[in-house]
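This briefing is meant for a reader who is meeting the structure below without earlier acquaintance. After a word on terms, the points are grouped by topic.

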Amino acid sequence: MGGRRTKYKQGPPAPLPEVKNGRFSTKKSGKRKAEADDDLEESLPVRPIKKIKENEREPKTKKVVSFAKSLKSSRKTNPLDKGTKSKKTQEFDSDGWEDASDDHLEGDLDGLDIVDEDDFLQGATEELDLGWDEEEDVNVLPTKGKKSKQREQPASIIPTGSDATSSDDEESDEEDDDGPITMANMEARSREIDASAAREAELEAEELQNAALDEADDSGDMGEEGEDEDGEPFHLPTAEERAEEKNMVPDIQVVQRRLRECVRILRNFQKLGLRGRSRSEYVDQLVSDIASYYGYNDFLAEKLFQLFPVAEAIEFFEANEVARPVTIRTNTLKARRRDLAQALINRGVNLEPIGKWTNVGLQIFESSVPIGATPEYLAGHYMLQAASSFLPVIALSPQPEERILDMASAPGGKTTHISALLQNTGVVFANDANKARTKSLTANVHRLGCKNVIVCSYDGREFPKVMGGFDRVLLDAPCSGTGVISKDSSVKVNKSERDFQLLSHLQKQLILCAIDSVSPDSKTGAYVVYSTCSVTVDENEAVVDYALRKRPNIKLVDTDLGFGREGFTKFRGKTFNPSLNLTRRFYPHVHNMDGFFVAKFKVEKRAKSRAAETTNLKSDENMVIDEDEDDVGFNSDEDQPFLEEAKRRRMKAKGIRVPPRKTSNTGTTTS
């Protein structure tokens with residue numbers, strides 16, 4: 001132990017001032033400290049004073065003996081005068097050796113009463129103990145580097161493994177996390193997550209089957225009156241009793257238990273239903289309890305309840321009470337998703353890709369910084385946007401150099417997404433009827449660096465007259481917001497039947513105007529996408545079916561989204577166009593995103609124009625040419641006014657400013 005200290009031989013260092021109640025530095029000793037250790041041998045006879053505490057603190061005695069042994073070997077190689085004692089040694093005496101007296105400075109280490117010191121030296125080298133008391137708390141000096149908050153966050157975009165892995169797996173995971181995040185790692189971890197999700201789905205399916213079997217077994221134990229899980233008889237209130245309960249404050253526990261029992265009975269009404277009570281009575285009671293338990297008005301609770309089976313309806317209402325995940329969209333005009341994810345991870349953000357259906361979305365789990373105020377956000381590298389808002393733009397699939405109209409664009413999430421897909425080519429007309437909302441739209445357009453966007457404020461129903469000839473049109477129509485109740489809970493009570501009638505009428509007008517604004521002659525497009533953040537049939541399937549009946553030159557096509565439930569073709573006695581199965585519905589309890597509806601139309605030429613073209617072709621085929629007849633040429637002067645007028649109509653349809661008509665020499669305008 002003393003070899004390193006005795007290696008360097010120098011003279012005594014300069015005297016140091018005495019430190020009272022000090023602490024020794026945690027830094028390693030230098031050359032001068034090694035020379036000072038030789039002076040410490042004269043203070044070793046102090047140890048008999050410390051010997052009193054040996055029985056109480058055996059571990060410290062071992063350390064001191066080991067230190068004494070090292071000093072003994074150092075003395076044999078480098079003897080010093082016994083009568084000298086430096087101030088450095090006095091410092092050690094005052095701090096480390098606890099009141100050492102000068103009477104014991106002379107003598108040899110052989111006079112010390114050390115028991116089996118060789119046994120102590122046979123073990124591992126122990127830490128040097130300078131004799132501080134056990135009651136004292138040693139303050140470790142802080143390191144220079146400040147611990148980053150990111151060290152507490154996972155280093156990978158997509159977490160892998162489970163909490164129950166072995167220590168070897170954890171060590172390997174830590175080694176992987178320490179390395180840089182690459183695209184290969186991201187894909188591998190994404191595949192692992194998909195595999196685990198598939199396994200979980202299989203387990204859930206098995207659990208549902210087992211639960212169904214258990215319910216079938218439990219149904220045999222029910223008597224004529226029926227009993228709940230607590231063994232008490234279940235009482236179904238009558239209509240009069242329900243009316244009385246509405247005037248009183250409901251008991252939440254009673255309502256919750258009644259909800260559970262009504263759902264269980266309606267699943268197997270033939271066996272579990274009470275005699276003399278109809279199924280409609282159970283349904284009415286369940287809807288009433290849903291309205292009182294979740295805070296809906298009776299009309300909206302019944303309207304939403306009719307969309308799902310009984311058990312799934314409860315899941316839908318429960319999902320509306322939970323906030324949806326925070327998601328962002330990468331602005332591909334300024335950044336790549338991989339680089340953006342790494343930058344946000346370095347700032348303490350825990351995130352992962354949303355899914356395979358989008359290559360620009362990221363889901364945020366935790367963040368130590370405000371996600372809407374990071375330097376990346378202010379620089380326009382991403383946009384705070386709900387995952388459901390990606391769907392209409394993905395279905396629209398804009399192509400470069402196209403003219404596209406977004407009829408209701410504020411605050412600009414979908415508009416900037418379209419601009420990014422166009423790669424700042426072509427033109428995007430961002431329209432919103434509310435002029436005040438165009439301020440936020442303009443701000444987002446500038447922040448994200450979209451140079452091909454024109455902001456305007458017109459009523460969407462005026463657009464065929466104001467401007468037309470677009471290749472594609474996106475209509476995210478105003479709606480009731482029944483798909484975003486988790487964001488705006490006021491929808492639960494402020495929507496009535498009159499509101500749905502007015503909204504449905506407005507949506508039917510807007511969709512016809514959107515269809516008329518598209519040019520059927522477009523070589524790359526002629527598509528219209530209709531979407532709402534609502535889940536009701538009145539605002540979705542009914543509007544699309546109305547457009548199909550009013551415009552025979554359109555047809556529904558596949559949205560190419562790859563997931564989502566098919567739209568209704570039949571609903572409560574209403575029959576819609578069979579092609580409505582190409583539309584897609586999204587629910588919060590199924591897809592973990594806001595409720596949404598997406599439909600995609602293909603606009604074709606009108607039937608009259610197609611019939612006229614076929615008629616002209618047939619007449620040309622049957623025409624007999626007389627060779628003896630003189631050739632009939634075209635008079636360009638006579639045709640010029642007609643050609644100019646046709647050119648004016650085309651320019652007006654495309655939204656291009658039309659020049660004034662030319663006047664003839666006689667002062668009349670050409671028509």
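A residue is called buried when its relative accessible area is under 20%, exposed when that value is over 50%, and partly exposed in between. K303, at 18% relative accessibility, therefore counts as buried. The model shown here is a predicted one, and the points that follow take up one helix, one sheet, one loop residue and several salt bridges.

**Helix α13 and its surroundings**

- Helix α13 spans residues 298-305, and its buried residues are L300, A301, K303, L304 and F305.
- These buried residues of α13 pack against four other helices, namely α12 (279-294), α14 (310-319), α21 (491-494) and α22 (497-516).
- The side chain of K303 also meets that of D538 in a salt bridge, with a distance of 2.7 Å from N to O.
- Because K303 belongs to helix α13 while D538 sits in the loop between β9 (527-532) and α23 (541-550), this pair ties together parts that are 235 residues apart in sequence.
- While K303 is buried, its partner D538 is partly exposed, with a relative accessible area of 23%.

**A four-stranded sheet**

- An open sheet is formed by 4 strands in the order β2-β3-β1-β4, with antiparallel pairing.
- Strands β2 and β4 (382-384) stand at the edges and have a single partner strand each, so one side of each is left without a neighbour in the sheet.
- On average, and with direction ignored, neighbouring strands of this sheet are turned by 35 degrees against each other.
- Strand β1, which covers residues 326-330, pairs with β3 in the antiparallel sense over 4 bridges, and T327 has Q363 in β3 as its bridge partner.
- Helix α15 (residues 337-346) packs on the sheet, where it touches β1, β2, β3 and β4, and the direction of α15 makes about 155 degrees with that of β2.

**The loop residue K356**

- K356 lies in the loop that runs between β2 (349-353) and β3 (361-367), and K356 is exposed, its relative accessible area being 71%.
- The side chains of K356 and D194 are joined by a polar contact of 3.1 Å.
- K356 and S190 are 166 residues apart in sequence, and their C-alpha atoms are 8.9 Å apart in space.

**Further salt bridges**

- Side chains of opposite charge can pair when their charged atoms come close, and in this model the count comes to 19 salt bridges.
- E402 forms a salt bridge with R472, the closest N and O atoms of the pair being 2.7 Å apart.
- E402 is found in the loop between α17 (390-396) and β5 (403-406), and R472 in strand β8 (residues 472-476), so the pair ties together parts that are 70 residues apart in sequence.
- Both members of this pair, E402 and R472, are buried.
- K605 and D521 meet through their side chains in a salt bridge of 3.6 Å, from N to O.
- Because K605 lies in the loop between β15 (596-603) and α25 (607-622) and D521 in the loop between α22 and β9, this salt bridge ties together parts that are 84 residues apart in sequence.
- K605 is partly exposed, with a relative accessible area of 35%, whereas D521 counts as exposed at 54% relative accessibility.
- D516, R551 and R606 are linked with one another in a network of salt bridges.

Note on methods. Residues numbered from 1 in each chain as written. Predicted model: local features only at pLDDT ≥ 70, side-chain atom pairs only at ≥ 80, totals over all residues. Heavy atoms only, no water. Buried < 20%, exposed > 50% of the residue type's maximum accessible area, 1.4 Å probe, protein only. Helix = DSSP H or I, 4+ residues; strand = E, 2+ residues; numbered from the N terminus. Contact = heavy atoms within 4.5 Å. Polar contact = N/O pair within 3.5 Å; in protein donor to acceptor, adjacent residues only side chain to side chain. Pairing = 2+ DSSP bridges. Axes fitted to C-alpha atoms, helices over the stretch in contact; angles between N-to-C directions. Salt bridge = Lys/Arg side-chain N within 4 Å of Asp/Glu carboxyl O.
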